[in-house]
Amino acid sequence: MELTSKTSGLDEKLDGLLSLLMHDFEDVPAIPLTDFHDRYGEFFGEELYNLQEILFEDGLVKCFVGPEGLQLEITHKGIGFMAKGGYSRAIREEMVSHDDALRARKKNRIVHILITIVFMAAIAICFYLHKKTD
């Protein structure tokens, strides 16, 4: 899935567009691409083309030539993706994963510092004992 968290609100827009499409597809299996642009152009404006491209690239919607010309439909992957929470869920999971990685890095840093201190103390003790025996 494309990383959408870098653009503020993009994940909500993609989820909203997919949700609207799923509602439209309850009655018909596909809609003409011109109807898609007519319906959603006023909601999303010029951004609709970018949103559409992301959905195509992620495999959540596809176009095909049908009886009414070029038509758009949600794929099974798109339906499953929305059932699992959509882009917003993916962003939340990414943030949790990032937080876990930061915690692990911090823990590793503390362990490395402790190992370094113990190593330096061991060297100092060895040096002291070596000088004491001379």
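A residue counts as exposed when its relative accessible area is over 50%, and as buried when that value is under 20%. Keep those two words in mind as you click through this predicted model.

**Stop 1: helix α2**

Select residues 33-44, which make up helix α2. Start with Thr34, Asp38 and Glu42, and you are looking at exposed residues. Now switch to the other side of the helix. Here you can pick out the buried residues of α2: Leu33, Phe36, His37, Tyr40 and Phe44. Turn the view until you look down the axis of α2; the buried residues fall within an arc of 105°, so they line one face of the helix.

What do the buried residues of α2 pack against? Show the neighbours and you will find two helices, α1 and α3, together with the strands β1 (31-32), β2 (61-66) and β3 (69-74). Before you leave, step to Gly45, which follows α2 and has a positive phi, near 60°.

**Stop 2: where α1 meets α3**

Next, select residues 10-24 for helix α1 and residues 47-57 for helix α3. A pair of packed helices is described by the angle between their axes and the distance between those axes. For α1 and α3, the axes come within 10 Å and cross at roughly 80°. Angles of 65 to 115 degrees count as roughly perpendicular, and α1 and α3 are therefore roughly perpendicular to each other.

To see the contact itself, show side chains on both helices. From α1, choose Leu10, Lys13, Leu14, Leu17 and Leu18; from α3, choose Glu47, Leu48, Leu51, Ile54 and Leu55. Try colouring them by class: the contact has eight nonpolar residues and two charged ones, with no polar residues.

**Stop 3: Val65 in strand β2**

Move on to Val65, which sits in strand β2. Is Val65 buried or exposed? Its relative accessible area is 72%, so Val65 is exposed. Now bring back Leu33 from the first stop, one of the buried residues of α2. Val65 and Leu33 are 32 residues apart in sequence, and their C-alpha atoms lie 10.0 Å apart in space.

**Stop 4: an aromatic pair**

The structure holds two aromatic pairs. For one of them, select Phe81 and Tyr87, whose rings meet edge-to-face. Their centres are 4.9 Å apart, with 75° between the planes. Planes over 60 degrees apart count as edge-to-face, which is why this pair gets that label. Phe81 is buried at 13% relative accessibility, and Tyr87 is buried too, with a relative accessible area of 1%.

Definitions and conventions. Residues numbered from 1 in each chain as written. Predicted model: local features only at pLDDT ≥ 70, side-chain atom pairs only at ≥ 80, totals over all residues. Heavy atoms only, no water. Phe/Tyr/Trp six-rings, centres within 6.5 Å; stacked < 30°, edge-to-face > 60°. Buried < 20%, exposed > 50% of the residue type's maximum accessible area, 1.4 Å probe, protein only. Axes fitted to C-alpha atoms, helices over the stretch in contact; angles between N-to-C directions. Helix = DSSP H or I, 4+ residues; strand = E, 2+ residues; numbered from the N terminus. Parallel < 35°, antiparallel > 145°, perpendicular 65-115°, else oblique. Contact = heavy atoms within 4.5 Å. Nonpolar A, V, L, I, M, F, W, Y, C, P; charged D, E, K, R; others polar. Arc of directions from axis to C-beta.
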